[in-house]
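Visitor: I'd like to learn how to read the features of a protein model. Could we go through one together, step by step?

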Amino acid sequence: MKSKCVLIFLVVVWLFNMGKGIGCGSNVNAEMNIPLSTWVWDTKKWMLNQEAILEKLQEKKVTNVYLQIDTHLSPSVYRHFIQQAQAKGISVYALDGAPYWIGPSGIEEQEAFFNWITVYQAEADEQQQFSGVHLDVEPYLYKSWENNRVKSILQYQYVISQAAVQSHELHLPLAVDIPFWFDEVPFKNSNGSGSLGRWVIQYADEVTIMA
């Protein structure tokens with residue numbers, strides 16, 4: 001059975017504002033010798049403050065960065081950042097996902113995301129490539145979650161299962177964000193039965209439990 005990495009973050013807050021950040025204390029991370037990760041969603045601020053952000057990441061001893069993919073940005077911007085990050089011992093994962101990914105347009109969005117990564121990885125040097133794929137879908141925020149839970153769960157499982165196949169074709173680990181209460185969400189469909197949380201853990205290589 002392939003090894004799993006389950007990361008539990010009680011507090012992971014990272015606010016980027018002209019290079020200033022608030023995150024988990026580096027002393028705690030050093031003493032416990034555990035990986036520390038953060039998300040970077042605001043690509044506009046990130047693009048303008050790459051050096052300051054890298055310094056802050058290194059200061060906080062962050063080991064993994066989940067960096068959102070903005071297909072409107074030049075790939076060269078990502079190549080430069082990843083090369084600098086890897087030189088500091090920081091792995092960068094390609095981040096994307098949204099609640100509407102379980103909706104009608106979700107498949108197209110997911111395909112576009114993985115197509116972009118495929119082209120990027122093929123054109124980038126080894127030290128400029130992403131170290132993994134990270135999805136933050138949060139299907140419970142989509143409108144159908146309340147009025148059609150069964151269908152929503154099935155669609156969400158399709159997103160994750162497809163992402164697992166696509167990530168492994170790229171030889172990249174798949175990381176997935178889930179809330180702590182997913183373990184209490186039951187399902188019974190063509191994918192079997194059990195708790196949604198356990199199902200995700202079976203498909204993903206890494207799981208971040210949001211608590």
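Visitor: Let's begin with a helix pair. In which hand does H5 pass H7 in their crossing?

Guide: Happy to help, and please keep in mind that this is a predicted model. The crossing of H5 with H7 is right-handed.

Visitor: At what angle do helix H5 and helix H7 pack, and how far apart are their axes?

Guide: Helix H5 covers residues 106–123 and helix H7 covers residues 149–169; the angle between them is about 20°, and their axes are 11 Å apart. That is why H5 counts as roughly parallel to H7, since angles under 35 degrees are put in that class.

Visitor: Which residues in H5 and H7 meet?

Guide: On the H5 side you will find Ile107, Gln110, Glu111 and Phe114. From H7 come Tyr158, Val159, Gln162, Ala163, Gln166 and Ser167. Sorted by character, the residues of this contact are five nonpolar, four polar and one charged.

Visitor: Let me pick one of them. Is glutamine 166 buried or exposed?

Guide: The general idea is to compare relative accessible area with a cut-off, and buried means under 20%. Glutamine 166, which sits in helix H7, has 10% relative accessibility and therefore counts as buried. Setting aside neighbours within four places in sequence, glutamine 166 touches Gln110, Glu111 and Phe114.

Visitor: And how does tyrosine 158 count by relative accessibility?

Guide: Tyrosine 158 also has its place in helix H7. With 36% relative accessibility, tyrosine 158 counts as partly exposed, because that class lies between the buried limit of 20% and the exposed limit of 50%. You can also follow tyrosine 158 to another part of the chain: its C-alpha atom is 9.3 Å from that of asparagine 191, although the two are 33 residues apart along the chain.

Visitor: Now for strands. How do strand E7 and strand E8 run, and how many bridges join them?

Guide: A general point to start with: in a regular strand, side chains alternate between the two faces of the sheet. Here, E7 (residues 186–189) and E8 (residues 192–195) run antiparallel, joined by four bridges. They form a hairpin with two residues between them, and lysine 188 faces serine 193 in E8.

Visitor: One last feature, backbone angles. Which residue other than glycine has a positive phi near 50°?

Guide: That is glutamate 138, in the loop between strand E5 (132–135) and helix H6 (144–147). Lysine 61, not a glycine either, has a positive phi of about 60°. Look for lysine 61 in the loop between helix H3 (50–59) and strand E3 (64–68); it is partly exposed, at a relative accessible area of 40%.

Technical notes. Residues numbered from 1 in each chain as written. Predicted model: local features only at pLDDT ≥ 70, side-chain atom pairs only at ≥ 80, totals over all residues. Heavy atoms only, no water. Pairing = 2+ DSSP bridges. Axes fitted to C-alpha atoms, helices over the stretch in contact; angles between N-to-C directions. Parallel < 35°, antiparallel > 145°, perpendicular 65-115°, else oblique. Left-handed = near helix turned anticlockwise from the far one by under 90°. Contact = heavy atoms within 4.5 Å. Nonpolar A, V, L, I, M, F, W, Y, C, P; charged D, E, K, R; others polar. Buried < 20%, exposed > 50% of the residue type's maximum accessible area, 1.4 Å probe, protein only.
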